Amino acid sequence: RTMLYGELAFERNLWQKFGTFAVGGHLGYGRVSAPVLDQDGNIIDGEERSSLRIIPLRASAIYRYDYSARHHNIPLVPVAKLGLNYYLWRVVDAGSDTAVGDDGSQGSGGMLGWQATLGLHFDLGVLDPRREASMNINWGISTTYLFAEYTWSRTGMFSDSINLSANHWAIGLAFEF
């Protein structure tokens, strides 16, 4: 099953010389649902569905090689991130209640992990420098990036609970104030 997932990230630049070093926080929400199965893997009731909901909290150290973009008008900016995860998770039954296992265990919890990300950002300011200057004056947005990033996330691999590890792509817009 494919999970519907969204995330907001906030970063704070700490150092900017030969690239930019920053720290960041990420808050996400994901949900996937499926039919309820019995112990043999058979669908119990075609109408009844359960869902897994997760709220990933992540903290990252970030390095962006933006020196060439700032000083030589080269719009491609490689990015690397490394950090810690804490995932809150909950399995919800068809009645929107937290699922309870046959042994009485609650279908919810939290677990710690790590993530690493590599990406490439494209500085949209090279397409229209006057618009970028206008956005900086009017909105305080100094740079706008179109980005693609690939993340390796390992969360819950060594727990007795569920394993929420995943690899995924993220694409979107980033605004630097």
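**Close-up 1. The aromatic cluster of F18, Y65 and Y67 in the predicted model.** In this predicted model, ring pairs bring F18, Y65 and Y67 together into a cluster. The structure holds four aromatic pairs, and one of them is formed by F18 and Y67, whose rings are tilted, with 5.2 Å from centre to centre and 35° between the planes. This pair links distant parts of the chain, since F18 sits in the loop between β1 (4-17) and β2 (19-35) while Y67 belongs to helix α1 (residues 67-72), 49 residues apart. Y67 has a relative accessibility of 27% and therefore counts as partly exposed.

**Close-up 2. The salt bridge between R64 and E176.** By the rule applied here, the count of salt bridges comes to seven, and R64 and E176 form one such bridge, in which the closest N and O atoms are 3.4 Å apart. The pair connects distant parts of the chain, with R64 in strand β3 (residues 49-64) and E176 in strand β7 (residues 166-176), at a separation of 112 residues. R64 counts as buried because its relative accessibility is 5%, and E176, at 16% relative accessibility, likewise counts as buried.

**Close-up 3. The salt bridge between K81 and E149.** The side chains of K81 and E149 meet in a salt bridge with an N to O distance of 3.2 Å. K81 lies in strand β4 (residues 76-92) and E149 in strand β6, so the bridge ties together parts of the chain that are 68 residues apart in sequence. K81 is buried, its relative accessible area being 10%, and E149 is also buried, with a relative accessible area of 8%.

**Close-up 4. The salt bridge between R131 and D128, and the network formed by other residues.** R131 and D128 meet through their side chains in a salt bridge of 3.5 Å, taken from N to O. R131 is exposed, with a relative accessible area of 55%, whereas D128 is partly exposed, with a relative accessible area of 29%. Salt bridges that share partners join E11, R64, K81, E149 and E176 into one network.

**Close-up 5. The surroundings of S153 in strand β6.** S153 is located in strand β6, which spans residues 143-155, and this serine counts as buried because its relative accessibility is 2%. The side chain of S153 makes a polar contact of 3.0 Å with the side chain of N85, and a polar contact of 3.3 Å joins the side chains of S153 and Y87. When neighbours within four places in sequence are left aside, the residues in contact with S153 are N85, Y87, W114, Q115, S165, A166 and N167.

**Close-up 6. The largest nonpolar core and another core apart from it.** Seven residues in all, namely V32, L52, I54, Y87, W89, M111 and L164, make up the largest nonpolar core. The elements that contribute two or more residues to this core are β3 and β4. Another core, of six residues, lies apart from the largest one and has I62, A69, V77 and Y145 among its members. Y87 thus appears in two of these views, as a member of the largest nonpolar core and as a partner of S153 in a side-chain polar contact.

Notes:
Residues are numbered from 1 along each chain as its sequence is written. This is a predicted model: local features need pLDDT of at least 70, side-chain atom pairs count only at pLDDT 80 or more; totals for chains, interfaces and linings use all residues. Side-chain values use heavy atoms; hydrogens and water are left out. Helices (H or I, at least four residues) and strands (E, at least two) are DSSP runs, numbered from the N terminus. Buried means under 20% relative accessible area, exposed over 50%, partly exposed in between (1.4 Å probe, protein chains only). A polar contact is a pair of N or O atoms within 3.5 Å; within protein, one must be able to donate a hydrogen and the other to accept it, and residues adjacent in sequence count only if both atoms are side-chain atoms. Contact means heavy atoms within 4.5 Å. A salt bridge is a side-chain nitrogen of Lys or Arg within 4 Å of a carboxyl oxygen of Asp or Glu. A nonpolar core is a set of buried Ala, Val, Leu, Ile, Met, Phe, Trp, Tyr and Cys residues joined through side-chain atoms within 4.5 Å. Rings of Phe, Tyr and Trp (its six-membered ring) pair if their centres lie within 6.5 Å; planes under 30 degrees apart count as stacked, over 60 as edge-to-face and the rest as tilted.
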